[in-house]
Amino acid sequence: MYGADAGAETQRPSRRAPRTSTRRLVLDLIRTRSPISRVELAEITGLTPAAITHAVRSLLDDGLVQESGQRERTGGKPRVMLTISPRARCAVGVQLGADWIVVVIMDARGAVVGRVRARGARQDDPTQVVTVVAAHVNTLLRATAITPDQLVGAGLAVPGTIDLDAGAIRASRTLPRWGGHAVRDALAQALGVPVVMDTDATAAAVGEHWSGRTADAAAHCTLYMGAGIGAGFILDGAVHRGAGGNPGPLGRLHLHRSPPSGHPGHAGHPGHSGRDAGPALEDLAAPHAVARRARAALAAGRESAIALTDDEDPFRDFGMVASAAVHGDALAVELVEESAHYLADAVVTVADLLDIDSLALAGPSFSTAGSLYVTVLEERLHTDLYAARPHGVNVTLAAHIADAAAVGAAALAFHEDPGNGPAIVRPARAIYEVPAP
């Protein structure tokens with residue numbers, strides 16, 4: 001464990017009111033547009049003043065909303081403005097990966113009030129990993145003085161393809177031992193709170209939307225790279241989930257490039273499937289691929305300041321390459337830009353298919369050399385798409401680069417039940433509606 005960052009002491013909430021769709025809508029609008037008046041809420045929602053008054057009174061009584069003291073003067077009676085009570089409700093977000101495990105606690109305004117970052121699951125036993133995650137959550141609750149009554153639940157972001165009905169990872173190239181493991185229910189039992197699960201890329205996309213940074217985007221994509229590579233999508237303000245909750249597994253995309261002899265994607269390699277599909281994107285652009293090429297280049301005599309690990313840890317090796325790249329090492333820059341161009345091949349295809357106008361890079365693998373990836377992706381998107389479309393694609397680094405999936409998972413827990421008691425895990429074909437600010 002690398003440490004826990006704790007926020008200020010919190011107050012215990014009052015009673016919880018029944019869950020209603022009106023309450024949810026009003027709470028989300030206050031969260032995203034505060035300070036806001038009751039009159040403005042009625043104008044935006046089309047609800048009657050009486051319905052707004054009833055919902056706001058319930059939220060005030062429950063301690064979720066507070067009157068800010070600011071009063072909007074419109075020439076008549078001043079309007080009382082409403083804001084969120086940030087620490088009345090909190091949510092846990094867990095980012096499970098082979099490279100890193102990240103646990104956060106987020107308040108109702110979206111601020112991270114506690115964080116733990118620990119070594120990834122890798123080849124560890126899933127049951128033991130869940131126990132460790134639960135211990136990290138308990139550490140954060142003690143450090144932030146947050147009580148169980150203040151938690152609306154937890155969100156879990158995982159790599160690979162998922163089965164939302166079973167709450168399990170179907171398959172993951174980076175966490176092979178987790179296939180079929182009912183991790184959602186196991187974590188819920190360990191924490192004693194309801195847990196909602198999603199892919200790491202989709203969770204990161206939701207977190208980016210909740211930050212408000214994609215409010216003007218009609219079609220947003222979050223490109224997530226940890227140990228593997230995926231994409232999450234927010235289209236017209238709602239999360240795109242596809243038919244089964246697994247959109248954007250870009251790491252499995254096969255790119256028709258001729259890999260060198262000895263590469264896992266080469267037809268003559270012992271592990272090759274025999275299909276003439278070329279290597280998958282993760283075989284070319286993911287951290288382990290960059291680390292492998294770095295080790296081969298140094299063994300061949302290339303000069304570089306890259307200091308690789310003695311135990312050949314691919315994630316630490318990639319970090320060494322990324323660090324050397326931002327300091328201008330020629331070989332490191334070459335390796336990172338090569339990875340970025342492979343990613344761009346996939347992103348240009350996504351941009352063509354979905355006509356995206358916004359792209360954010362998220363995940364631990366972008367935390368050091370993310371700016372170099374942004375430069376390459378911006379150039380490729382502009383060059384490859386400029387003539388075919390009237391608008392560009394805004395490319396940025398995510399608000400919480402390394403912890404984006406954990407923050408997004410906490411946001412999903414809030415959205416499932418923002419302050420109204422135990423969260424209900426929705427069926428596989430559900431779409432999480434995310435209101436635009």
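Which are the buried residues of H6? Keep that one in mind for the close-up of helix H6 below; everything shown here comes from a predicted model.

**Figure 1. The protein as a whole, before we zoom in.** There are 437 residues here, and 54% of them are buried. The protein has 12 helices and 16 strands. Look at contacts between residues at least 6 apart in sequence, and 69% of them turn out to join residues at least 24 apart.

**Figure 2. Helix H6, residue by residue.** Here is the list promised at the top: Asp200, Ala201, Thr202, Ala203, Ala204, Ala205, Val206, Gly207, Glu208, His209 and Trp210 are the buried residues of H6. That is 11 of the 11 residues in the helix, so H6 is largely enclosed by the rest of the structure. Follow the chain just past the end of H6 and you get to Gly212, which has a positive phi of about 85°.

**Figure 3. The open sheet that H6 packs on.** Five strands make up this open sheet, running in the order S14-S13-S12-S15-S16, with mixed pairing. Strand S14 (238-239) and strand S16 (394-397) sit at the edges, each pairing on one side only. Helix H6 (residues 200-210) packs on the sheet and touches S12 (219-225), S13, S14, S15 (358-362) and S16. The direction of H6 makes about 40° with that of S13.

**Figure 4. Strands S13 and S14 up close.** S13 covers residues 229-235, and its pairing with S14 is antiparallel, over two bridges. To find your way around, start at Leu235, which stands opposite Ala238 in S14. As a reminder while looking at side chains, in a regular strand they alternate between the two faces of the sheet.

**Figure 5. The S6-S7 hairpin.** Strand S6 (residues 100-107) and strand S7 (residues 112-119) pair up in the antiparallel sense, with seven bridges between them. Ile105 is a handy landmark: Gly114 in S7 stands opposite. Four residues lie between the two strands of this hairpin, and Gly110 in the turn has a positive phi of about 95°.

**Figure 6. Helix H4 against helix H5.** How far apart are the axes of H4 and H5? H4 (residues 126-144) and H5 (residues 183-191) pack with their axes 9 Å apart, at an angle of about 45°. That angle makes H4 oblique to H5. The crossing of H4 past H5 is right-handed. On the H4 side, the contact is made by Val130, Val133, Ala134 and Val137, while H5 brings in Val183, Ala186, Leu187, Ala190 and Leu191. Sort the residues of this contact by class and you get nine nonpolar, no polar and no charged.

**Figure 7. Helix H2 against helix H3.** H2 (residues 38-45) and H3 (residues 49-61) pack with their axes 10 Å apart and an angle of about 125°. That makes H2 oblique to H3. The H2-H3 crossing is right-handed. Arg38, Leu41, Ala42 and Thr45 in H2 meet Ile52, Val56 and Leu60 in H3. By class, this contact of H2 with H3 has five nonpolar residues, one polar and one charged.

Methods: Residues numbered from 1 in each chain as written. Predicted model: local features only at pLDDT ≥ 70, side-chain atom pairs only at ≥ 80, totals over all residues. Heavy atoms only, no water. Axes fitted to C-alpha atoms, helices over the stretch in contact; angles between N-to-C directions. Parallel < 35°, antiparallel > 145°, perpendicular 65-115°, else oblique. Left-handed = near helix turned anticlockwise from the far one by under 90°. Contact = heavy atoms within 4.5 Å. Nonpolar A, V, L, I, M, F, W, Y, C, P; charged D, E, K, R; others polar. Pairing = 2+ DSSP bridges. Buried < 20%, exposed > 50% of the residue type's maximum accessible area, 1.4 Å probe, protein only.
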